[in-house]
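Here's a quick walk through a small set of features worth having on screen. Pull up the model and follow along.

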Amino acid sequence: MTDNLPEKDTAAEHEKWKEKGVVMRAFFYIFGTHVFAGFIWLLFYLGQHAQK
């Protein structure tokens, strides 16, 4: 019975690691999208106020 405990602990740790990876990936995708959108907004803002 005690032989299965390390496998369960390893599986649980692996799932936690995968969960953290998904959260970090989602955070960076959302953050990156907002940075990119801000850059595009800045280009439009500067283009609108450029001397013509």
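The notes below go from the overall fold to the aromatic rings and then to a surface patch.

## Overall picture

First things first: this is a predicted model. As folds go, there's little to list, since the protein has one helix and zero strands. That helix, α1, covers residues 5-48.

How much of the protein is buried? Buried residues account for 0% of the 52 residues. The accessible surface adds up to about 5,400 Å², and carbon and sulfur atoms contribute 68% of that.

## The phenylalanine rings

Count up the ring contacts and you get three aromatic pairs in the structure. One of them is Phe27 with Phe28, an edge-to-face pair with 5.5 Å centre to centre and 65 degrees between the planes. Phe27 also pairs with Phe31, and here the ring centres are 6.0 Å apart with the planes at 15 degrees, so this pair is stacked. The cut-off behind that call is simple: planes under 30 degrees apart count as stacked, while those over 60 count as edge-to-face.

Where do Phe27 and Phe31 sit along helix α1? They are four residues apart, which puts about one helical turn between them. Taken together, Phe27, Phe28 and Phe31 make up one aromatic cluster.

Don't picture these rings as hidden away, though. Phe28 has a relative accessible area of 48%, so it counts as partly exposed. Phe31 is partly exposed too, with a relative accessible area of 48%.

## A nonpolar patch on the surface

Now look at Phe39, Trp41, Leu42, Leu43, Tyr45 and Leu46, which form a nonpolar patch on the surface. Between them they have about 640 Å² of accessible area.

Leu43 is a handy member to zoom in on. This residue lies in helix α1. Is Leu43 partly exposed or buried? Its relative accessibility is 45%, so Leu43 counts as partly exposed. The reasoning rests on the limits used: buried means under 20%, exposed means over 50%, and partly exposed is in between.

How values were computed: Residues numbered from 1 in each chain as written. Predicted model: local features only at pLDDT ≥ 70, side-chain atom pairs only at ≥ 80, totals over all residues. Heavy atoms only, no water. Patch = residues over 30% accessible without salt bridge, like charges linked within 9 Å, V, L, I, M, F, W, Y side chains within 5 Å. Areas by Shrake-Rupley, 256 points an atom, 1.4 Å probe, with all protein chains shown as cover. Salt bridge = Lys/Arg side-chain N within 4 Å of Asp/Glu carboxyl O. Helix = DSSP H or I, 4+ residues; strand = E, 2+ residues; numbered from the N terminus. Buried < 20%, exposed > 50% of the residue type's maximum accessible area, 1.4 Å probe, protein only. Phe/Tyr/Trp six-rings, centres within 6.5 Å; stacked < 30°, edge-to-face > 60°.
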